[in-house]
Amino acid sequence: MRDVLSVRQGDISKVYPAMFSEEYPKPLVANFIDVAARDLAEAMAPLPSFNCSATNMVSDAARKAADTRTRIANFYVTNSDLQLQMYTAADWYNTYGLGIGMVEMDYEDNNPRIRMLNPFGTYPELDRYGRVISVMQVLVTDAETLAAQYPEYYDLILGKNQYALSSPYISMVKYHDKDQDLLYIPERKNLVLSRTPNVLGKSMASVVMRSSLDGEARGQFDDVLSVQLARARFAVLQIQAAEKSIQAPIAIPQDVQELALGPDSIMRSANPQGIRRVPLELPPGVFTESGVLERELRLGARYPESRSGNIDASVVTGRGVQALQAGFDTQIKAAQAQFARMFQELISVCFEADEKIFGGIPKTIKGSDDGTPYVLKYTPSRDIKGEYGVDVRYGIMSGMDPNRAIIALLQMRSDKLVSRDYVRREIPMDLNVTQEEQRVDIEEMRDSLRVAVAQYAQAIPALAAQGQDPSEIITRIASVIQGRQKGQSLESTIEKAFTPEPVPTPEMPPMAPGMEQQLPAAGVAPAPASQQPPQEQAGQAPAAGQRPDIAQLLAGITGAA
């Protein structure tokens, strides 16, 4: 790791000191390893989507609770500045072959935070299942800075009998396991600066390792350091050869008596074509070998030539570019699969720590869904309720650029291979799936209302041609337009304009005393037609002996004309 770090910093002479001289102490070629590592890290760094699913997606309450946990999980990510950390963490993963994340407690804000650790000087201990047992991080700092950070131990850190002026740097060790978080200084008789018990009783760290045959953590550029050295050495030799050819001795004929140097100098000779510099012959294979080393460096680093813009015009097609970047896409997808597992474990630990440590504290978080800000109030013990799972998805399009990913998803959706919900979850952008589905439904219903009002207006010419009054239709449509001009929503204006006017209740005429007892009870429906006499069903007068009395006739009188 130290050798790769030195090469990334441009100090390749520290790794191979015998290959450089005082005249050329630094390499004369671009730091290809650093350029490739940064580009690869920037392609791997974008975060996946974090969504919490409900066990019962049919229940509205379960879906609402899952949506709340989704916003809480995204708050953990945003509050930890995880996106900014991932640019460096992805670079560490490619350079050292390790990715280490850890959850820490922020007792000022009462929130858990995710922090990515530098693998250089960090020693994780794993069991045979890949679970983290402990993590020890060795930080080298100067004694004065450390004493300023821990003033209560100032005399012990900067003791006269312990602090050597020739060595101002000391080591500070951070140790974490399921029982405690320990911070101590080995050089000061294992002086303990801080000891905090682990409330969860489990390790809050997650480790991912780049795949290797022997289980040893190796970075992507471990095997190409010597190739980078060869390119740097070859560039020095080419510079020296150019200098020697320019500074080569001048051959002159024997009749030249004086050797004039400098611009516009004149030398007299009977054989002027004989005045020349001694040529320095360079084999043509020298320049060919420089290209061979560059190709070997790209092959060993798995960095395609198309990433630097060197693409032949004959292959600038979708298939050609995809073939050139095939290896680049696969390594990004492999790394993001590792990151997804690490994020899933870290977010789960954040949920558990938030519930068990800050469970009864009401919190207010702010965020943004698809550019729309929101404010969410929640209590961890009430809204988490032991649900620590989270779905972390880079999607099947990981490693592809967003344009190709969206086109592929649309093609799969048009052939009905996947659902809209799947496309929303796989799309390479920050998207709240549940809220976006609600927005789409609202837009479709509003479009249906708009079309219905437009079709309602098309009935005006037909009514006018028939001699009927279309003023009611015109009034309702005008009311909808006026409501929209006032900023009211489309659904509220349509509901107000098309609400029917209430029908006035008819008044009963005054009745003689004693007739109320002969009226039917309120709410009793009249007898159906099948139970009425046949004469009444046909609209005929009732037969003799079946005539109703005067009370029944008066009861049937209504106010309708």
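The exercises below work through strands, loops, helices and cores of a predicted model.

Residues are numbered from 1 along each chain as its sequence is written, and side-chain values use heavy atoms, with hydrogens and water left out. Because this is a predicted model, local features need pLDDT of at least 70 and side-chain atom pairs count only at pLDDT 80 or more, whereas totals for chains, interfaces and linings use all residues.

**Exercise 1. Describe the surroundings of strand E2, residues 98–106.**

Helices (H or I, at least four residues) and strands (E, at least two) are DSSP runs numbered from the N terminus, and two strands pair if DSSP finds at least two bridges between them. Start with burial, where buried means under 20% relative accessible area, exposed over 50%, and partly exposed in between (1.4 Å probe, protein chains only): 8 of the 9 residues of E2 are buried. Next, take the partners of E2. Strand E9 (residues 205–209) runs antiparallel to E2 and is joined to it by 5 bridges, with valine 208 of E9 as the bridge partner of glycine 99. Strand E3 (residues 111–117) is also antiparallel to E2, over 7 bridges, and here isoleucine 100 has leucine 117 as its bridge partner. Finally, look at the connection: E2 and E3 form a hairpin with 4 residues between them, and asparagine 110 in the turn has a positive phi of about 60 degrees.

**Exercise 2. Find the edges of the open sheet that contains E4 to E8, and examine the loop between E7 and E8.**

The 5 strands follow the order E4-E5-E6-E7-E8 with antiparallel pairing. Strands E4 (122–126) and E8 (191–197) stand at the edges, because each has a single partner strand and so one side without a neighbour in the sheet. From one strand to the next the twist averages 10 degrees, where axes are lines fitted to C-alpha atoms, for helices over the stretch in contact, and angles run from 0 to 180 degrees between N-to-C directions.

Strand E7 (residues 180–185) pairs with E8 over 6 bridges, and isoleucine 185 has leucine 191 in E8 as its bridge partner. Most residues other than glycine have a negative phi. In the loop between E7 and E8, however, lysine 189 has a positive phi of about 55 degrees, and asparagine 190, found in that loop, also has a positive phi of about 55 degrees. Lysine 189 is exposed at a relative accessible area of 75%, while asparagine 190 is partly exposed at 49%.

**Exercise 3. Check the length of helix H15, residues 433–457.**

The expected span of a helix is 1.5 Å times one less than its number of residues. For the 25 residues of H15 this gives 36 Å, which agrees with the 37 Å between its end C-alpha atoms. Buried residues in H15 include Val433 and Val453.

**Exercise 4. Locate the nonpolar cores.**

A nonpolar core is a set of buried Ala, Val, Leu, Ile, Met, Phe, Trp, Tyr and Cys residues joined through side-chain atoms within 4.5 Å. The largest has 45 residues, and Tyr76, Val103 and Phe339 are among those with the most contacts inside it. Its contributors of at least two residues include E2, E3 and helix H11 (326–357), and H11 gives the most, with 12 residues. Tyrosine 76 touches residues including Ile347 and Phe351, contact meaning heavy atoms within 4.5 Å. A second, separate core of 18 residues includes Val15, Ala36, Leu229 and Leu297.

Key. Lists of a residue's contacts leave out its neighbours within four places in sequence.
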